[in-house]
Amino acid sequence: MAGKRVDRLAVVTGCFGFLGGTVVEQLVKSGWRVAGIGHGRRGLPLAMAVEDEVTQESLRALFAAFGKPQLVVHCAGTGSVGRAQAEPFAEFHRSVGVTAQVIEAVRHDAPDAVLVYPSSAAVYGESNKPALAEDEPLRPVSVYGSHKVACEELVRSAARDLGLKTRIVRFFSLYGEGLRKQLLWDTCSKLADGRLELSMFGTGEEQRDFMHGRDAARLIERLADPELGSFLLVNGGTGKATTVRAITERLATGTGRFVNVAFGGEEHRGNPKSLVADATRLTRELDFAPATELGAGLSAYARWALNELGARKGLELPDHSTAKLTVVVGTCDRCGDLSDLLDSIELHTHTPHLVVVSDAGSTDGTIEMLEKRRQANLVVVREGERRGQARALNEVFASVSTPYVCWVSDDNLITEGGLDRAVEILEGNPRIGMVGLKVRDLVGPFIKAPYIGGIGVAGVLNVNQGVLPTELLRKLGGFDEELRDYGIDPDLTLRVLKAGKEVCFTKEVAVLHRRGWPSDPNSPEAKRLAEKHERARTLLAAKHKDLGGDISRWKMKLYVWKAMRAVPLLRPRLNINAPDPILGFIPRDWHNAFNARWIHPLDPLRTRSKPYHLVQRMRPES
């Protein structure tokens, strides 16, 4: 009688990324049952998918639910040299700290598993050798490379000191369909623009060793063999050098494009002149050879990338020549909330408008709901994955042709005339660059507030959702994609002010907010949310640290407000959410006028007859 089949179980961290997703597909193709954990959304053949931070606790919970794996592939972490340079401490946690937690989870709950860590040739740094062997001294020339060295030492120590089976594969330059960053994607982005000359960074003579993602995934599966010993380090490269210039030209000619390629000649320490693998150990000890020829792989990648870029850049919104406003909504798996929002826009907005919904891969019936609506003024852009709110909305902004545009979250409802008033304010006041849509919470800790909105970086009163001229938004470059989701709105508010425009708010509440607040402030969800907000604050403070200037007026306002609140009779009346008006205006209006840096302290009185208030304007000395 045949024995019972034993499943081969594998866990992949960072499964929604380029390499992680490719590894998942390869393992499943070879008969593994695979569980994945990470952030994003991508159609993968996973037996179990967990969208979460990679921590010791989340991994151990996954092992408990899925079963003890025979293979753990740790692909989570950033692949950005620039981000590691800009945020060294945060990236240290996301790379070295997370790697330590993965090792600890494996040590406790899957000690017999093989742990594979995909490292980077960035650990070698600059070298004059034509090919780099595994025993080459490590001299990283970037923060990113230094972090990889630290991760490698942890993985090596896990085998030497903890008795685990570990593998390190130092990949050189990976590419393949699905990769939306780095040299190849940037080059194809320029080709998609139809330009006749490509302006490229560097000298063009930098040498790189390109391996296709599918070959990288096959190599990782080869390393899963426990018979390879307790520890193995191998280069992940082909051993063949190709110049950046040749790569660029192959991408162009691979799609039938003939362009002039011009390199700026820049050289810097973090961009080594040569990174080519010595693949001797790979071929002799592992009997492994890449299956994808570079020319064919580049042609296939170029066709895929241009199709992706063409689909995005070629987005055509319906021709509504009479429309004044485009409402842009990003969504994912919030079918009910989104449906309610769309109903409220149509019921309460009388300005001729378009609505564009950017969906990041919903699987809860959202797409079916949108198809059934069949509104003439509704456009659905199917992103298919979570790439960050900033990037998704920017791609829509690039195609908007109406005079005004606004962004609204999918957990909101529009009030009667809320968007109409914002457009009217902009039409009648050219000095105003953005109108904040006043928001009131319907759920959560702030339901007693007459409206919400906090004073953040540099004393700016943040616009969470707003309306502004499309031309100005394009001039400012849309949202900052480095911020991704959190912090994009206060950053845009500050950039509008820096551009010399005023920012104000509707007097009437324009948006009712149904945010899904974490029920437990100490829950992992709440903690992750707090960490994201803290990261956004740190990035914003660094980006806008130039906002020094004369703050004496602001200090005086703060002092006066503090002094008024020190008076016992006034203190309860000046509570930020107190309901009774003072001089005809609620305390929250006075609080914002005195505490926000660029709002006049008498703003409630100065805007008494206006349909807007809380006007922010940077003075020349700012």
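**Reading the sheet and its helices**

Visitor: What makes helix α4 a neighbour of β4 and β5 in this predicted model?

Guide: Helix α4 (residues 88–109) lies across β4 and β5 (114–120), and its direction makes about 175 degrees with that of β4. Since angles run from 0 to 180 degrees between N-to-C directions, the value of about 175 degrees belongs to the upper end of that range, so α4 and β4 point in opposite senses. Helix α2 (residues 56–66) lies across β1, β2, β3 and β4 (71–74), with about 150 degrees to β2.

Visitor: How do you know that strand β1 pairs with strand β2?

Guide: Two strands pair if at least two bridges are found between them; six bridges join β1 (residues 8–13) to β2 (residues 32–38), so the criterion is met, and the two strands run parallel. Among these residues, leucine 9 has arginine 33 of β2 as its bridge partner.

Visitor: Why are β3 and β11 said to stand at the edges?

Guide: The open sheet has seven strands in the order β3-β2-β1-β4-β5-β6-β11, with parallel pairing. Both β3 (48–51) and β11 (231–236) have a single partner strand, so one side of each lacks a neighbour in the sheet. From one strand to the next, the twist averages 15 degrees.

Visitor: What describes the packing of α18 and α19?

Guide: Two packed helices are described by the angle between their axes and the distance between the axes. For α18 (residues 552–566) and α19 (residues 587–595) the angle is about 145 degrees, and the axes are 8 Å apart. The contact includes Trp554 and Trp561 of α18 and Trp590 and Phe594 of α19; by class, it has nine nonpolar, two polar and one charged residues.

Key: Residues are numbered from 1 along each chain as its sequence is written. This is a predicted model: local features need pLDDT of at least 70, side-chain atom pairs count only at pLDDT 80 or more; totals for chains, interfaces and linings use all residues. Side-chain values use heavy atoms; hydrogens and water are left out. Helices (H or I, at least four residues) and strands (E, at least two) are DSSP runs, numbered from the N terminus. Contact means heavy atoms within 4.5 Å. Ala, Val, Leu, Ile, Met, Phe, Trp, Tyr, Cys and Pro count as nonpolar, Asp, Glu, Lys and Arg as charged, and the others, Gly among them, as polar.
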